[in-house]
Amino acid sequence: MPTGSMDLFDAIYTTRATRKLRHDLPVPDEDVYKILDAGIQAANGGNRQVWKFIVVRDPRIKRQLGDLYRELVNWVTSSNPNRKLDSGELYLGEHMAESPVIIVVCGISSGNEPPDEATAVGATMPAIENMLLAARALGYGGNISAVVRRRQDDLRRILGLGPNAYAATLLPIGVPQGSHGLKSRLPVEEVTYDDTWGNPTRLKRPASVWKPKLELLSEGDRKKGRG
Ligand SMILES: Cc1cc2nc3c(=O)[nH]c(=O)nc-3n(C[C@H](O)[C@H](O)[C@H](O)COP(=O)(O)O)c2cc1C
């Protein structure tokens, strides 16, 4: 298993939404701790650290979360016929409960009411990305499964959330079934302006920008000739 030492750019470019996880390979507590510890190093407003994490390993609770997640994936499919889910999204809809561990990331408030959705998601997202990167470096993958936040009442019941907590996402973590593969993103030139809105950037892709390394590619990416 990788030790966690990985080139930062390799990790950033190959940390994917990893939904197909090995159900037969565990994520030891030591690695879960490292992933959480990397998460809480993230930038956060005023260093108030308005987050809590629930590490779910209990099969009964995983099953309840899995049932809830399946319902939401089905709802996404049925409520928007134009939104075609890919095989990974559908797979996780069926197999969330079999994830070796599910980390539930919660935003909290200092009062007795949960923070609103935007506050909870915004406050926890840097930590979530750090956790995904740390998981990647340790040889795992995971996925931000945030659609579940729409069912706070059910999450509150299943997890016994405190009155000031809002569950922002489930983060299933495990060893990927395949390799990590490459992302598909619009280039910087298409999403960046100079000085004011709408003014095309002068930035040009430098030759030294990160390039895929053969050993980091999935079989699919190799076949597509990427790298
Ligand atoms: C706020 C947020 C919510 C997300 N919710 C879900 C979700 O509920 N289910 C899911 O399968 N993926 C979810 N994702 C993952 C995205 O679909 C994924 O990051 C995107 O498709 C890019 O994937 P890639 O990095 O592998 O290219 C979410 C991502 C973010 C940032």
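**Exercise 1. What share of the 227 residues of the protein count as buried?**

Welcome! Before starting, note that this is a predicted model, in which local features need pLDDT of at least 70, side-chain atom pairs count only at pLDDT 80 or more, and totals for chains, interfaces and linings use all residues. Residues are numbered from 1 along each chain as its sequence is written.

Step 1. Take the cut-offs: a residue is buried if 20 or more other C-beta atoms (placed from the backbone) lie within 10 Å of its own, exposed if 12 or fewer, and partly exposed in between.

Step 2. Apply them to the protein: 30% of its 227 residues count as buried.

**Exercise 2. Describe the surroundings of strand S2 (residues 101-108).**

Step 1. Recall that strands (E, at least two residues) and helices (H or I, at least four) are DSSP runs, numbered from the N terminus.

Step 2. Check burial: eight of the eight residues of S2 are buried, so the strand is largely enclosed by the rest of the structure.

Step 3. Sort the side chains by direction. Val101, Ile103, Val105 and Gly107 point one way, while Ile102, Val104, Cys106 and Ile108 point the other way.

Step 4. Find the partners, remembering that two strands pair if DSSP finds at least two bridges between them. Strand S1 (residues 51-56) pairs with S2 in the antiparallel sense over six bridges, and phenylalanine 53 stands opposite valine 105. Strand S4 (residues 165-174) also runs antiparallel to S2, joined by eight bridges; here alanine 165 is the bridge partner of isoleucine 108.

**Exercise 3. Place alanine 146 in the model and decide: buried, exposed or partly exposed?**

Step 1. Locate alanine 146 in the loop between strand S3 (141-142) and helix H6 (152-159).

Step 2. Count its neighbours: 19 other C-beta atoms lie within 10 Å, so alanine 146 is partly exposed.

Step 3. List its contacts (C-beta atoms, placed from the backbone, within 7 Å). Leaving aside neighbours within four places in sequence, alanine 146 touches Val121, Ala168 and Thr169.

Step 4. Look at the ligand: Ala146 is one of the residues around it, others including Arg16, Asn143 and Lys183 (C-beta atom, placed from the backbone, within 6 Å).

**Exercise 4. At what angle do helix H3 (residues 59-79) and helix H4 (residues 87-95) pack?**

Step 1. Set up the geometry: axes are lines fitted to C-alpha atoms, for helices over the stretch in contact, and angles run from 0 to 180 degrees between N-to-C directions.

Step 2. Read the result: the angle is about 145°, with the axes 7 Å apart.

Step 3. Name the residues that meet: Tyr69, Arg70 and Val73 in H3, and Glu89, Leu90, Gly93 and Glu94 in H4.

Terms used. Two residues are in contact if their C-beta atoms, placed from the backbone, lie within 7 Å.
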